[in-house]
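Visitor: I have the sequence and the coordinates open side by side, and I would like to be walked through them with some care. Could we take the questions one at a time?

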Amino acid sequence: MKDTNICPSCGGKGKRVPLITLKSLLNAASLEMIEPESLYAFCPNSDCNTVYFNSNHPQTFEASCLKVPVFQKNLGMEVPVCYCFDWTRERLVQAVNENQHPIDHIKGNMKSEKCKCEVNNPQGTCCLGNVSTFVQSLSNESHDHEG
């Protein structure tokens, strides 16, 4: 049986996303194209133009089909890393420089059940891994400049 989570554009492994994610984030023209009975996956490959693909046949949606920029596909500083609480790359850099703790802020909101990742985040899941990785890269950068 073939793996249906392979992106038809880049050949990379995709991650299943709930249909509610596509319904929430695709623009109107693209929304009309989805097949509700199909399974969709998210392609996290930053070098691939495809954001979502249909596991049943070669249907893809690129970043231009979404209402929001996609963290994994867009390196802009204004792009959200955390979509629920608007933590952009730029805001995270500023917070880290000011000794704030954005991860604690996000975790606190998660404990209060205020996040809605499945409808806000294009990958359809929690962003905390992306935020942690990005914040860690900032501290690695600052250590690189010290040595």
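**A guided reading of the model**

Guide: Asp86 is partly exposed, with a relative accessible area of 48%. This value comes from a predicted model, as does everything that follows.

Visitor: In which loop is Asp86 found?

Guide: Asp86 has a backbone feature worth noting, since its phi is positive, at about 55°, although the residue is not a glycine. As for its place in the chain, Asp86 is found in the loop between strand S5 (80-82) and strand S6 (87-88).

Visitor: Asn99 also has a positive phi although it is not a glycine; is Asn99 buried or exposed?

Guide: The phi of Asn99 is about 60°, and the residue lies in the loop between helix H3 (89-97) and helix H4 (102-111). Exposed means over 50% relative accessible area. Asn99 has a relative accessible area of 64%, and therefore counts as exposed.

Visitor: Stepping back to the whole chain, what pattern does the protein follow when read along the sequence?

Guide: The protein has six helices and six strands, and its C-alpha trace spans about 50 × 35 × 30 Å along the principal axes. Read along the sequence, these elements give the pattern β-α-α-β-β-β-β-β-α-α-α-α.

Visitor: What percentage of the residues of the protein count as buried?

Guide: Among the contacts with a separation of 6 or more, 53% are made by residues 24 or more positions apart. The protein exposes about 8300 Å², of which carbon and sulfur atoms supply 51%. Of the 147 residues, the share that counts as buried is 40%.

Visitor: How far apart do the centres of the positive and negative side chains lie?

Guide: The two sets consist of 13 positive and 16 negative side chains. Their centres lie apart by 8 Å.

Visitor: What is the order of the strands in the open sheet of four strands?

Guide: The pairing in this open sheet is antiparallel, and the four strands have the order S1-S2-S3-S4. Strand S1 (15-17) and strand S4 (60-62) each pair on one side only, which makes them the edge strands. From one strand to the next the twist averages 30°. To end on the order you asked for, it is S1-S2-S3-S4.

Visitor: Which residue in S2 does Val17 stand opposite?

Guide: S1 pairs with strand S2 (residues 40-42) in the antiparallel sense, and three bridges connect the two. Within S2, the residue that Val17 stands opposite is Tyr40.

Visitor: Why is strand S3 described as largely enclosed by the rest of the structure?

Guide: A residue counts as buried when its relative accessible area is under 20%. Strand S3 (residues 50-54) has five residues, and because five of the five are buried, the strand is largely enclosed by the rest of the structure. The count that answers you is therefore five of the five.

Visitor: Which residue in S3 is the bridge partner of Ala41?

Guide: S2 and S3 run antiparallel and are joined by three bridges. The partner of Ala41 in S3 is Phe53.

Visitor: Which residue in S4 does Tyr52 stand opposite?

Guide: S3 is joined to S4 by a hairpin through five residues, and the two strands pair in the antiparallel sense over three bridges. Opposite Tyr52, in S4, stands Phe61.

Visitor: Leaving aside neighbours within four places in sequence, which residues is Val70 in contact with?

Guide: Val70 lies in the loop between S4 and S5, and with a relative accessible area of 1% the residue is buried. Ser9, 61 residues away along the chain, has its C-alpha atom 17 Å from that of Val70. Beyond four places in sequence, the residues in contact with Val70 are Phe42, Val51, Val79, Tyr83 and Pro122.

Visitor: How far apart in space are Pro18 and Thr125, C-alpha to C-alpha?

Guide: Pro18 is found in the loop between S1 and helix H1 (19-25), and is partly exposed, with a relative accessible area of 35%. Not counting residues up to four places away in sequence, Pro18 touches Glu118 and Gly124. Although Pro18 and Thr125 are 107 residues apart in sequence, their C-alpha separation in space is 9.0 Å.

How values were computed. Residues are numbered from 1 along each chain as its sequence is written. This is a predicted model: local features need pLDDT of at least 70, side-chain atom pairs count only at pLDDT 80 or more; totals for chains, interfaces and linings use all residues. Side-chain values use heavy atoms; hydrogens and water are left out. Buried means under 20% relative accessible area, exposed over 50%, partly exposed in between (1.4 Å probe, protein chains only). Contact means heavy atoms within 4.5 Å. Accessible areas come from the Shrake-Rupley method with a 1.4 Å probe; for residues, only the protein chains shown count as cover. Lys and Arg count as positive and Asp and Glu as negative; His and the chain ends are not counted. The place of a charge is taken as NZ of Lys, CZ of Arg, CG of Asp or CD of Glu. Two strands pair if DSSP finds at least two bridges between them. Axes are lines fitted to C-alpha atoms, for helices over the stretch in contact, and angles run from 0 to 180 degrees between N-to-C directions.
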